[in-house]
2 protein chains.
Amino acid sequence: MNAASDRLKEARDEFVAQWGALGTQWGINRTMAQIHALLMTAPQALSTDEVMEELEVSRGNAHTNLKELVAWGLVRIVVKKGDRREYFEAEKDVWKIFITVARERKRREIDPALGVLRKCAEDSEGIDTPEGRAFCEQMRQLEEFVEFASKMADKVAAMKHGFALQMAAKLFG
Amino acid sequence: MNAASDRLKEARDEFVAQWGALGTQWGINRTMAQIHALLMTAPQALSTDEVMEELEVSRGNAHTNLKELVAWGLVRIVVKKGDRREYFEAEKDVWKIFITVARERKRREIDPALGVLRKCAEDSEGIDTPEGRAFCEQMRQLEEFVEFASKMADKVAAMKHGFALQMAAKLFG
DNA sequence: TCGTATTTTCAGTATTTACTGAAACCAATG
DNA sequence: CATTGGTTTCAGTAAATACTGAAAATACGA
């Protein structure tokens, strides 16, 4: 009974710590990843103070990263009646998490690249030397590909989980 | 004639600068992204010194990032006979670039996550409380999904460009 | 309205990551 | 086997990023 809750606490702490470490590897700051891990495995929504205590971080840090997670759409604010504090609750459905992350990364990584490539392709259009044509062609190919990726991302993000699975099964037997 | 080569230089510098800035957004260091942009748009392979001069960075920096790009598989070393220097040449085919990046990111981002999730699922197996079961179930779902993503990545990485396009067309009209 | 609980901001500081420049190393050549 | 041209390493430094803690702002209830 107590042993069970100890084991759980240990396993969960391990998950939070490891997920935090992974986060840094993918350019997400450690605290944000830890908070996400914590909330994903929390039975109920947590307050800022609970997050602070659990992870031993400052209020400012907890606050900033909670709000950042809300901005990503991975965490919701929950209000409990008769309580003035805000509570935070993570999306737990893995497919929804995936869609959210994919959409956000597209917005932050793919779309800006597309902008750059379009501009460069345009700026180099009609530079009438072999090098100029090669450069412009390279820009065009990059642009075309990134555009394709962008559209694919949109399509996938619009899928229901079941449909995605079915599709994958069909494709890859 | 001279105007054309000026315009090209300008467009290319712009691309290198912008690609570098984008790089930082996706957790790649700026110099590495800049070198990659430079080599992708270079008519021939460049030496370390040429890279240093073009980007105005130190030898150490140029060297480290060139070798890192080689480690990623995005850049090849070229030797010219009668010349003791090493030259560097980037892969220019967008599909090959994509495959390479996808494979590398899978290795660096997906596989470690899978390891963590498997361990956490295992460690929490059989914790016989409602919270314990919920935690373990969450770990399992994450694991299952990441495994699925991993397999998909492998499949896509094994595709030929033409096949991928065809498939996308079929799927999404 | 005032006092209190809570959230938000931010200047200062700590930590991490990237870069420089020079020394050490290595390999080809006379 | 010494010299030269080139590569690699790395200690020190600069720059970027993350975090703290406390003050300021805001929202609520009496």
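Rings of Phe, Tyr and Trp (its six-membered ring) pair if their centres lie within 6.5 Å; planes under 30 degrees apart are stacked, over 60 edge-to-face, and the rest tilted. By this rule, 14 aromatic pairs are found over all chains. The model is predicted: local features need pLDDT of at least 70, and side-chain atom pairs count only at pLDDT 80 or more. Residues are numbered from 1 along each chain as its sequence is written.

**Exercise 1.** Classify the pair W19(A) and W26(A), then state how buried or exposed each residue is.

*Solution.*
- Step 1. The centres are 6.1 Å apart and the planes make 75°, so W19(A) and W26(A) are edge-to-face.
- Step 2. Buried means under 20% relative accessible area, exposed over 50%, and partly exposed in between (1.4 Å probe, protein chains only).
- Step 3. W19(A) has 10%, so this residue is buried.
- Step 4. W26(A) has 26%, so this residue is partly exposed.
- Step 5. Ring pairs join W19(A) and W26(A) with F15(A) and F135(B) in a cluster.

**Exercise 2.** Classify the pair W95(B) and F98(B), and place both residues in their helix.

*Solution.*
- Step 1. W95(B) and F98(B) are tilted, at 5.3 Å centre to centre and 40° between the planes.
- Step 2. Both lie in helix α5 (residues 94-123) of chain B, three residues apart, so about one helical turn separates them. Helices are DSSP runs (H or I, at least four residues), numbered from the N terminus.
- Step 3. W95(B) is buried at 8% relative accessibility, while F98(B) is partly exposed at 29%.

Key:
Chains lettered and ligands numbered in written order. Heavy atoms only, no water. Helix = DSSP H or I, 4+ residues; strand = E, 2+ residues; numbered from the N terminus.
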